[in-house]
Amino acid sequence: MEELEVIDRAEQWAGFLKKKCNAQLNKISREFPSTRSLEIGYDVLEKYGKTGTILADDLLEHPGKTLNDIKDAIRAAHLISGKDIEGNDISDEIINKTNIRFIHLPRKTLVRDIRSEHINKFISVDGIIRRATEVRPRLVVGAFRCANGHITKKAQEYGSYSEPDMCGNAECTQKKLELIQSLSTFIDSQKLRVQETPEGLRGGEQPQTIDIDCVDDICGTVTPGDRVIINGILRSVQRVQNGQKSTVFDLYIECNSIEISVKEFEEVNITEEDEAAIIEMAKDPGIYGKIARSIAPTIYGNEDVKEAIALQLFGGIAKEMPDGSSLRGDIHMLLVGDPGIAKSQILRYVIKLAPRGVYTSGKSASSAGLTAAAVKDDLGDGRWTLEAGALVLADKGMAAVDL
Ligand SMILES: [Zn+2]
């Protein structure tokens with residue numbers, strides 16, 4: 001019965017791929033290895049009739065198996081094929097090295113809502129790249145040689161290096177094995193840390209993060225500060241503390257695809273009623289003072305400060321000069337005053353008001369902390385990590401630096 005179902009699925013996938021992804025499949029056949037990822041729109045799959053709905057559900061619930069099903073379908077229906085220079089058929093190798101990537105998932109999971117029920121499920125999260133490590137090769141299958149020259153291969157798991165207990169040759173009793181790099185398989189890898197978007201946070205909440213494990217051709221495609229949608233499988237890995245295995249597991253997303261989102265201010269929804277109200281208010285000759293006074297209304301006085309902030313929030317107009325140089329329309333503000341006159345309170349209020357507002361204070365506001373910092377930390381497993389600072393995270397928004 002189970003066997004039947006597997007065959008069924010492969011056939012369904014083959015039917016879908018032939019109809020919707022033929023051009024891409026041919027491109028991979030022609031251009032491998034420079035093109036080696038098949039991008040499938042989840043929205044396209046979902047609209048592919050009743051079969052599409054079933055296949056789409058399958059992906060969300062059993063992503064690991066589904067990705068294998070798709071490869072089986074490609075193999076069985078000969079959807080990808082290729083030959084090397086000598087004319088040998090290398091279709092199988094191409095198919096094995098092709099990545100099946102899904103994009104355009106309609107439902108997003110908030111980073112703070114990720115729970116154990118999502119483990120091994122396909123999820124989609126959006127956020128900002130907070131940190132990104134260097135792209136470095138990772139061992140996938142290690143080839144180990146014993147003193148007698150036998151080679152034993154061992155697949156490596158995420159995050160830990162393991163050697164075979166002894167030589168794989170049945171007649172050999174050697175236990176000391178050496179890793180042979182030239183016979184081992186490596187893949188490009190990069191780790192990212194994604195922070196949830198500040199717009200989704202209620203005032204004063206700490207943004208949460210999740211780590212993303214990327215391999216192969218999606219490595220190096222994003223930089224800290226980029227707004228992205230990460231699609232992938234939520235995985236758990238056992239935490240190790242002082243060499244002891246803990247009962248607590250850490251979560252990460254095994255990245256399937258990255259979409260770079262170029263959202264500007266569309267996260268601010270203006271309804272028709274809002275628009276009508278704005279136009280109405282614009283007719284009021286006293287609107288300028290009203291806007292300035294509406295900033296931090298609970299703080300008494302400080303009218304000139306509030307006026308300056310109002311002007312900053314609206315910003316100026318970027319100008320292109322006749323000689324080709326350009327003038328930025330952004331306004332910066334330096335707020336100076338004695339302690340205890342509500343400078344910090346005003347700043348916090350503005351950050352809540354402005355879309356993409358980021359507040360940073362005191363010690364974390366070194367020059368590197370504001371732009372970007374290269375650090376060696378736990379995320380990178382010894383690799384260098386680039387971390388986005390407050391100014392990068394607040395790009396096109398408002399950054400408040402409280403000293
Ligand atoms: Zn041996």
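Here is a short walk through this structure, which is a predicted model.

Let's start with the overall layout. The protein splits into three parts: domain 1 covers 2-103, domain 2 covers 111-260, and domain 3 covers 269-329. If you look for the C-alpha centres of domain 1 and domain 3, you'll find them 52 Å apart.

Now for the inside. In soluble globular proteins, nonpolar side chains tend to be buried together. Here, the largest nonpolar core has 61 residues, and Trp-13, Leu-17, Val-194, Ile-212, Ile-253 and Val-350 have the most contacts inside it. The biggest giver to this core is strand S3 (residues 122-133), with six residues.

Pick out Ile-253, one of those well-connected core residues. Setting aside its neighbours within four places in sequence, Ile-253 is in contact with Ile-210, Ile-212, Ile-230, Gly-232, Ile-233 and Leu-234. Ile-212, then, turns up both as a partner of Ile-253 and among the core residues with the most contacts.

Val-350 is another name from that group, and it takes us to helix H10, where the buried residues are Leu-347, Tyr-349, Val-350 and Ile-351. What lies over them? The cover includes helix H9 (303-314), strand S13 (357-361) and strand S16 (398-402).

Just before H10 comes a loop, running from strand S12 (326-327) to helix H10 (343-353), and Val-336 sits in it. Is Val-336 buried or exposed? Val-336 counts as exposed because it has 5 other C-beta atoms within 10 Å, and the cut-off for exposed is 12 or fewer. For a sense of distance, try Ser-124: the C-alpha atoms of Val-336 and Ser-124 are 44 Å apart, with the two residues 212 apart along the chain.

Key. Residues numbered from 1 in each chain as written. Predicted model: local features only at pLDDT ≥ 70, side-chain atom pairs only at ≥ 80, totals over all residues. Core = buried A, V, L, I, M, F, W, Y, C linked by C-beta atoms within 7 Å. Buried ≥ 20, exposed ≤ 12 C-beta atoms within 10 Å, placed from the backbone. Helix = DSSP H or I, 4+ residues; strand = E, 2+ residues; numbered from the N terminus. Contact = placed C-beta atoms within 7 Å. Domains from an automatic or database assignment.
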